[in-house]
Amino acid sequence: MRYVTLADHALRPQQKDKIFEASSRAKAAIKELGEENVINSTLGECLDDEGRLMVLPLVEERIRSMSIEEMFSYAPIAGVQGFNKAVEVALFGDNNRGFVIEAVPTPGGCGALRHVVWNYLDMGEAVITTEFYWGPYKGICEEHGRKLETFSMFNSQGGFNLEALDEKMAEVAERQKQILLILNTPANNPTGYTMTPQEMAGVVELIRKYAKDEERKITLCLDVSYIDYDAEFEESRRIFDELTDMPENTMVTVIFSMSKSFTMCGLRCGAIVCLSPTEEAARCFKDAMTFSSRSTWSNVIRPAQKVLVDICLDEDLKREADSQREKFRQIITKRGHTFLEEAGRAGLACCPYKHGFFITVPYENADKLAQALQEEQVYVVPLVKGIRFSPCAVTEEKCRRAPGIIKRVMERLEGEA
Ligand SMILES: Cc1ncc(COP(=O)(O)O)c(C=O)c1O
């Protein structure tokens, strides 16, 4: 190819981004047919019933009133003053369970995932995650010379499949010294599943089992990007109770995102966090993460960090932000449960959903189903083994209408097969 001097590894097959492709089709259909006649359930941003982006008013106000210096000057690589404490408050409130917590800012949760995949595995090693996962996990692994391997997410009772995880860990442990397990809970993207504290305790048991080999290093990475859209604060944090007294050859890291909890998707801020039992291990974590930051994106957007600190370190502002977010949480929960109720009535099977932005309808030929749904003006995201519907972006009325249409189209496709 003339003028193409990309290195071999960069000449990879380019697949179209299915989410943005489906979304632009939906937008074109809305232009032609009108908003009320199209169900655009593709994107992961929260829209109100008028189709406007849902942004916490307090966050908007703090950004608009920020001084030029705060807005435009460089932030320290390890975060603006108070950043660490602010992340701790956002994640744990006033009960940090005795962990030594270090938080290094990253461009969104996505940047935090990058740091974990790069720093906790060696070249060619595999990350383990659930069979239903957020698509970019795979790309982040491949971009950094790692692989993504999955295990079946649900058992026959619709709970978290600890047996399948055990098998996958055994298989990976045969091949590599390090194990990195990424679990996206609560309110998993794309299923809306939330692991119970007992299931988290089961995961910890498995980590203990494989950590008996002292040569092995095991990292559990909890991607809690949707934690504030799950149950209420204390309930959604119960999973952290299970993570204490871990063996010395293990570490727990957390992906923190401001995109959902603080509605700042475009302001690209999050953090990679460690829940360390010791000061020494926390310091090592921080050194490795800040080196990685300096050598990739350098520092992270200052105004976003400042908003987090201002809100989380001021009790009144924190209360105000929490109560504004609570309204959003209730709207999304209501929409999700409306979809589920209607799915039940229509006989449409869904993956076990508890809370959050997304619901998955399992289906083998997901691309075909998503395509056929577009003819009915329903736009969804095809996954490997199902389609993703987004109650976060669709009115309650459309959440009520969609399951019947999906079921009808599925039956039609099955009739044609
Ligand atoms: C499961 C999951 N993890 C992490 C992220 C990262 O989001 P961001 O980089 O916007 O913080 C997302 C965003 O959609 C997500 O769905």
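**Figure 1. Shell of residues around the ligand in the predicted model.** Helix H5 makes the greatest contribution to the shell around the ligand, supplying 3 residues. The shell holds 14 residues in total, and the closest to the ligand are Gly108, Gly109, Cys110, Ser257 and Ser259. Two elements each provide at least two residues of the shell: helix H5, spanning 108–119, and strand S7, spanning 250–257. Sorted by class, the shell around the ligand consists of 9 polar, 4 nonpolar and 1 charged residues.

**Figure 2. Pairing of strands S7 and S8.** Strand S7, one of the elements that supply the ligand shell, pairs with strand S8 (residues 270–276) in the antiparallel sense, and 6 bridges connect the two. Ser257, which is among the residues closest to the ligand, stands opposite Gly270 of S8. Strands of a sheet pair through backbone hydrogen bonds, in either the parallel or the antiparallel sense.

**Figure 3. The open sheet of 7 strands.** The strand order is S2-S8-S7-S6-S5-S3-S4, with mixed pairing. The edges are strand S2 (100–106) and strand S4 (147–151); each has a single partner strand, so one side of each lacks a neighbour in the sheet. On average, neighbouring strands of this sheet are turned by 25° against each other, direction ignored.

**Figure 4. Strand S3 and its pairing with edge strand S4.** S3 and S4 run parallel and share 5 bridges. Within this pair, Ile128 stands opposite Glu149 in S4. Strand S3 covers residues 126–130 and is largely enclosed by the rest of the structure, because 4 of its 5 residues are buried.

**Figure 5. Contact between domain 1 and domain 2.** The protein chain is divided into domain 1, made of 8–56 + 322–416, and domain 2, made of 66–317. Their C-alpha centres are 26 Å apart. In the contact, 21 residues of domain 1 meet 21 residues of domain 2. On the side of domain 1 that touches domain 2, helix H14 (315–346) and strand S9 (359–362) are the elements giving two or more residues. H14 accounts for the largest share of that side, with 4 residues. The residues on this side of domain 1 comprise 11 nonpolar, 6 charged and 4 polar.

**Figure 6. The open sheet of 3 strands and helix H15.** The order is S9-S12-S11, and the pairing is antiparallel. S9 and strand S11 (381–382) are the edge strands, each pairing on one side only. S9 and strand S12 (residues 386–389) are joined by 4 bridges; in one pairing position, Pro362 has Gly386 of S12 as its bridge partner. H15 packs on the sheet, where it touches S11 and S12, and its direction makes about 45° with that of S12.

**Figure 7. Surroundings of Gln377.** Gln377 lies in the loop between helix H15 (366–375) and strand S10 (378–379). Is this residue exposed, partly exposed or buried? Gln377 is partly exposed, because it has 16 C-beta neighbours inside 10 Å, whereas a buried residue would need 20 or more and an exposed one 12 or fewer. Leaving aside residues up to four places away in sequence, Gln377 touches Ala29, Leu33, Asn37, Val38 and Ile39. Met246 is 131 residues from Gln377 along the chain, and the C-alpha atoms of the two are separated by 50 Å.

Notes. Residues numbered from 1 in each chain as written. Predicted model: local features only at pLDDT ≥ 70, side-chain atom pairs only at ≥ 80, totals over all residues. Near = placed C-beta within 6 Å. Nonpolar A, V, L, I, M, F, W, Y, C, P; charged D, E, K, R; others polar. Contact = placed C-beta atoms within 7 Å. Pairing = 2+ DSSP bridges. Axes fitted to C-alpha atoms, helices over the stretch in contact; angles between N-to-C directions. Domains from an automatic or database assignment.
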